Amino acid sequence: VTAHRLGFRLLFIGLAALILFARILPLTTLPVVWPGPDMLLCLAIVWVLRRPDYIPAVVVAGVFLVDDLLAMRPPGLWALIVLLACEFLRSRETGTRDLPFLGEWMMAGAVIAVVILANQAAYVIFMIPQGGFAQPLIQLVTTVLAYPLVAIAMQVSFGLRRAATGEVDALGHRL
């Protein structure tokens, strides 16, 4: 059981490293007009909603702190906001097990919206220069639309699904 969880933690860290590596590649010289989805945020929310025991808070905080440093954002701000969102979802895990996928998607969309809006509010409060409100809004929409694709990819590729009500692990502990 411990090796299985450790394997999934390492898989999450590997996928996050792959996303971060792809994000810093200079694929174009044109200025970014249409920001794409935040795939790392989608990945973290999918994993926390599906199997919160696979990624502890320390892993989420570490991955998003590295993301802050690589994206040259204020260190820890984005990591803290995402960590709080993931812990909110983790605390609601038992109540969301029986939700249909549309309900899960709506909950994830609401959390993504709160995360992005809280980040923008912090930028405004602390007077951090930003490029306007259109790009975060576009990123919000694209991230919410990308959520089902990430969820399906994780379920098909790695078997990451929500624990059923009453499901137990190999040692007989309730999930």
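**Reading a helical model, one feature at a time**

Guide: Let's start with a pair of helices: H1 and H3 run roughly parallel to each other (angles under 35 degrees count as roughly parallel, over 145 as roughly antiparallel, 65 to 115 as roughly perpendicular and the rest as oblique). This is a predicted model, in which local features need pLDDT of at least 70 and side-chain atom pairs count only at pLDDT 80 or more, while totals for chains, interfaces and linings use all residues. Residues are numbered from 1 along each chain as its sequence is written, and side-chain values use heavy atoms, with hydrogens and water left out.

Visitor: At what angle do H1 and H3 pack, and how far apart are their axes?

Guide: In general, two packed helices are described by the angle between their axes and the distance between the axes. Here H1 and H3 pack at about 10°, and their axes are 11 Å apart. Axes are lines fitted to C-alpha atoms, for helices over the stretch in contact, and angles run from 0 to 180 degrees between N-to-C directions. The helices themselves are DSSP runs (H or I, at least four residues; strands are E, at least two), numbered from the N terminus.

Visitor: Which residues of H1 and H3 make the contact?

Guide: Contact means heavy atoms within 4.5 Å. H1 brings Phe12, Ile13, Ala16, Leu20, Arg23 and Ile24, and H3 brings Val59, Val63, Val66, Asp67 and Leu70. By class, that makes 9 nonpolar, no polar and 2 charged residues. For these classes, Ala, Val, Leu, Ile, Met, Phe, Trp, Tyr, Cys and Pro count as nonpolar, Asp, Glu, Lys and Arg as charged, and the others, Gly among them, as polar.

Visitor: Let me look at valine 63 in H3. Is valine 63 buried or exposed?

Guide: Buried means under 20% relative accessible area, exposed over 50%, and partly exposed in between (1.4 Å probe, protein chains only). Valine 63 has a relative accessible area of 10%, so this residue is buried. Not counting residues up to four places away in sequence, valine 63 touches Phe12, Ala16, Leu20 and Leu40. Its C-alpha atom is 7.3 Å from that of isoleucine 13, although the two are 50 residues apart along the chain.

Visitor: And what about leucine 70, also in helix H3?

Guide: Leucine 70 is partly exposed, because its relative accessible area is 41%. Outside its neighbours within four places in sequence, leucine 70 is in contact with Leu20 and Ile24. From leucine 70 to arginine 23, 47 residues away in sequence, the C-alpha to C-alpha distance is 9.2 Å.

Visitor: How many residues are in the largest nonpolar core?

Guide: A nonpolar core is a set of buried Ala, Val, Leu, Ile, Met, Phe, Trp, Tyr and Cys residues joined through side-chain atoms within 4.5 Å. The largest one here has 45 residues, and Ile45, Trp47 and Phe64 have the most contacts inside it. Helices H1 (2-24), H2 (39-50), H3 (57-71), H4 (77-91), H6 (101-125) and H7 (134-158) each give two or more residues to this core. H2 supplies the largest share, 10 residues.

Visitor: Which residues is isoleucine 45 in contact with, leaving aside its neighbours within four places in sequence?

Guide: They are Leu89, Ala108, Val111, Ile112 and Tyr147. Leu89 also turns up in the contacts of methionine 107, together with Leu49 and Thr96, again leaving aside neighbours within four places in sequence. Methionine 107 is in helix H6 and counts as partly exposed because its relative accessibility is 23%.

Visitor: What do I find in the loop between H5 (93-96) and H6?

Guide: Arginine 97 is in that loop. Arginine 97 is buried, since its relative accessible area is 12%. Its side chain makes a polar contact with the side chain of glutamate 93, at 2.9 Å. A polar contact is a pair of N or O atoms within 3.5 Å; within protein, one must be able to donate a hydrogen and the other to accept it, and residues adjacent in sequence count only if both atoms are side-chain atoms.

Visitor: Which sign does phi have at methionine 72 and methionine 127?

Guide: Most residues other than glycine have a negative phi. At methionine 72, phi is near 55°, a positive value, and at methionine 127 phi is near 55°, also positive. Methionine 72 lies in the loop between H3 and H4 and is exposed, with a relative accessible area of 76%. Methionine 127 sits in the loop between H6 and H7 and is exposed, at 73%.
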